[in-house]
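Me: Got a chain I'd like to talk through with you. Can we go feature by feature and keep it relaxed?

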Amino acid sequence: MDGSSKQQEEDSTFTNISLADDPDHLSRILYPRPKMMNADMDAVDAENQVELEEKTRLINQVLELQHTLEDLSARVDAVKEENLKLKSENQVLGQYIENLMSASSVFQTTDTKSKRK
């Protein structure tokens, strides 16, 4: 065997694979995907589902508390308004009662010293 036939024999033992035939080959080399078992994937999905449910529950609770706060704030405003109205009415009634008392002889002060003599 001469040197060239020996070289051909060695080349034929290796199979050349073109990377052009597999477009995802480079991306698999650069960004290998972790291999997860179905049980692991199910556990991750279950965790994600639990987290999503918890977030949804918390969001709903926050919204409910916001609505409750708005309702309480509106109620406080209404009570303040009613309180001011009642104070004003009490002042008017107090003045009216004072005027009635000063006009009535029943509530006039009497001089007890002059009557006893």
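**Folds and contacts**

Reply: Sure, secondary structure to begin with: the chain has four helices and zero strands, where helices (H or I, at least four residues) and strands (E, at least two) are DSSP runs numbered from the N terminus. This is a predicted model, where local features need pLDDT of at least 70, side-chain atom pairs count only at pLDDT 80 or more, and totals for chains, interfaces and linings use all residues. Residues are numbered from 1 along each chain as its sequence is written, and side-chain values use heavy atoms, with hydrogens and water left out.

Me: In what order do the elements run from the N terminus on?

Reply: Zero strands turn up in this chain. From the N terminus, then, the order reads α-α-α-α.

Me: What percentage of the 117 residues is buried?

Reply: Buried means under 20% relative accessible area, exposed over 50%, and partly exposed in between (1.4 Å probe, protein chains only). The chain exposes about 11,700 Å², with carbon and sulfur atoms supplying 57% of that; areas come from the Shrake-Rupley method with a 1.4 Å probe, and for residues only the protein chains shown count as cover. Of the 117 residues, the buried share is 0%.

Me: How far apart are the end C-alpha atoms of residues 55-89?

Reply: An unreviewed UniProt entry annotates residues 55-89 as "coiled-coil region"; such annotations may be inferred rather than shown by experiment, and positions follow the numbering used here, with feature names shortened. In the model that stretch is 100% helix and 0% strand. Its end C-alpha atoms are separated by 51 Å.

Me: Which residue meets Arg57 in a salt bridge?

Reply: A salt bridge puts a side-chain nitrogen of Lys or Arg within 4 Å of a carboxyl oxygen of Asp or Glu, and the structure holds one. Both partners lie in helix 3, three residues apart, about one turn of the helix. Arg57 is partly exposed at 44% relative accessible area, and the partner, 2.8 Å away (N to O), is Glu54.

Me: Is Glu54 buried or partly exposed?

Reply: Glu54 sits in helix 3 along with Arg57. With a relative accessible area of 36%, Glu54 is partly exposed.
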